[in-house]
Structures are given as C-alpha cells and as structure tokens.
Amino acid sequence: MGGGHIKIGCKSGKSGGSGGGSAVGGGKTAAFLLPLLVHCAGNAPEGNHKSDGPVGLVLAPTRELAVQIHQVAAVLGKAVGLRVASVFGGVEKTEQFRQLKAGAAVAVATPGRLLDLAKLKACTLSRVSFLVLDEADRILDPTFEAELKVILRPLPKRRQTLLFSATLTRSIEALRQVALKDAYHFAAVQGLKTAATLRQQYVLCPAKVKEVYLFHLLKRLEALEVRSAIIFVGTVKKCRLLDHLLDEMDVKALCMHSKLPMKQRLQALERFKSGLAPILLATDVAARRSATSRGAFRAADRRALEGLSLIHISE
C-alpha cells in the first residue's frame, strides 16, 4: 500500500468516472479499496445468493498484482462482512469458481481468468456498479482489448468507474478526455516522480563487466544497509543464466519469471517479502507494484540480451 501519501477517497464526476495517479508507492491500493468496500457494504444484499454476481470489481493486468490486491481486500472486507474472491490464471479454477458461486461481493481479477469463469456461469457481471482498473495504462493496452470488451459489455451503464495508474500515458489521457467527460481527476504528483522516501543512485560501468559490478554490490548489501535486493532482467533466459551465475559465486537468489508455475512464483515472492531470502531475480511479472519490503535494492535490465543494466538503488 506504500509509504507515500495519496488522497483517500474518490470524488465522482457527472459521468460516474474518476481517474487517479500518484507516485509509485503512493498508496493507490487503499485509495480505491476503501471507497469500493464502502460502496459494496451499502449495496450488496444481505445473505448473497449463489446466483448473485459481484458488486465491486477490480481488474489487474498481472496475476501477482491481483494476488497482492486480494490480500489487502480480503482483510479489509472481512472487517465489514464482505467476501472477496480472487480470480487469476496459473492455478486451478475450482476454488475460484466456488468463491464466485458463493456470492462474493467483490472480485479481484485478471481479465482472462474472469472471462473464462464468466463463460462457465460462475457469476454474472450485470450487478457490478463499482469498477476499478488498476495499473490502467497496462489494462488499456491492446493485449487486453478483446477481453475487456466482453467483460464490460454486461456491466450497467450507471456505475462508478475508477482508473488508477502510476503513469499517465497518452492512452489514459485520451480516454479521460473522450469517454470520461466531466470525470474527476486527481494526480498526487505533477510529472514523472517516484516516492520521496526513495534514494536513487546510478552506476555506470562497461557492458562486459556488469555482472562483476552486480556481484560486488550484492556482497556489500550489509555495508550499504540494504536488507534485500530485487534484480529485474529482461527475459526468462537471462533470469535463469544470472541465477546460475550467482549460484556458482555462492550467492543464493530466488527466481520469479513467467515460465515458473504460479505456485512457485507466489512462494518466491512470499519468501522474499518475509525476509527468508534476501535476493530476488525477476522479469517484468514482478516489475509493477510488487509489495516488497522497504530497504530493497533494485537493479533493472532494459535490454534483454546485453547483460545487466544497473538503473537505480533505493533504500
């Protein structure tokens, strides 16, 4: 949920739409979950019937992000007596189908798996009156276009729609101006900024010795007062190669990439968050809104085949 500051609560425009943006780590999860749960608590019928669909729907672009949002939503929802279903791919559908059939008031989902379960009659989406698109710049990418059209078609025209993103892309701005007329727009920051609590440092080094620099930095984590490290790489192949290289140097690291089963990816993330493993190698499955502990060192590789690019170090 972040250690920054964001205005909590969303003001609705005449169109029933809202847009929100803040720095990474600015608390966007709470900013949309709190008003969503308040809305659902006031609109979900007592003793949901099995045929009921969710009143609140949160769409996320990745499985990992959906899991993290659900973890927070489940805790907050329990406090007000609301069931929250988690719907994402990479795991068996049976439990997710059961959650929706049981009458969950809120669903946190990735578009593909939600569409699959809707086709299986797990729920109807015609009751959704509060819709959130988290990481909207990713959700509105052409990759999800076909799925979004099917998902949004049965939703009521009179609903609250919230778009949240750490980056205000041209596609979001165009949508806000054309489709969300009179919508309320809140930006926690002006321009591209990161959370004020982050300390960024840059290391420029020859391309052929980037791994050597990385090894040196990882060996100095304690001296740098850094408790954990996330190393972002561009491809699964590079992730595996770097894992093998670090293992040969007796530096133990966890891997998190799209070729791993979802269960292993979540286990790796949980072990890293809990401090059981201080180093995590990850492709872009963990690059957006990973709820990692403070004090993390992050290295990003923007060019998949050119070794490791050390972009920034953050406390």
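**Helix crossing, cores and two loop residues**

Reader: Is the crossing of α2 and α10 left-handed or right-handed?
Author: Helices here are DSSP runs of H or I with at least four residues, strands are E runs of at least two, and both are numbered from the N terminus. A crossing is left-handed if the near helix is turned anticlockwise from the far one by less than a right angle, and right-handed if clockwise. By that rule, α2 and α10 cross in a way that is right-handed.

Reader: On what basis are the values given?
Author: Residues are numbered from 1 along each chain as its sequence is written, and side-chain values use heavy atoms, without hydrogens or water. This is a predicted model: local features need pLDDT of at least 70, side-chain atom pairs count only at pLDDT 80 or more, and totals for chains, interfaces and linings use all residues.

Reader: Which orientation class do α2 and α10 fall into?
Author: Axes are lines fitted to C-alpha atoms, for helices over the stretch in contact, with angles from 0 to 180 degrees between N-to-C directions. The two axes come within 11 Å and cross at roughly 55°. Angles under 35 degrees count as roughly parallel, over 145 as roughly antiparallel, 65 to 115 as roughly perpendicular and the rest as oblique. The pair α2 and α10 is therefore oblique.

Reader: How many charged residues are in the contact of α2 with α10?
Author: Contact means heavy atoms within 4.5 Å. R63, E64, V67, Q68 and Q71 of α2 meet M262, R265, L266, L269, E270 and K273 of α10. Asp, Glu, Lys and Arg count as charged; Ala, Val, Leu, Ile, Met, Phe, Trp, Tyr, Cys and Pro as nonpolar; the others, Gly among them, as polar. The contact has four nonpolar residues, two polar and, as charged, five.

Reader: Which element gives the largest share of the largest nonpolar core?
Author: A nonpolar core is a set of buried Ala, Val, Leu, Ile, Met, Phe, Trp, Tyr and Cys residues joined through side-chain atoms within 4.5 Å. This one has 27 residues, and F32, L36 and V106 are among those that touch the most other members. Elements giving two or more residues include α2, β4 and α10. The largest share, six residues, comes from α1.

Reader: E135 has a positive phi; is this residue buried or exposed?
Author: E135 has a phi of about 50° although it is not a glycine. The loop between β5 and α5 holds E135. Buried means under 20% relative accessible area, exposed over 50%, partly exposed in between (1.4 Å probe, protein chains only). At 1%, E135 is buried.
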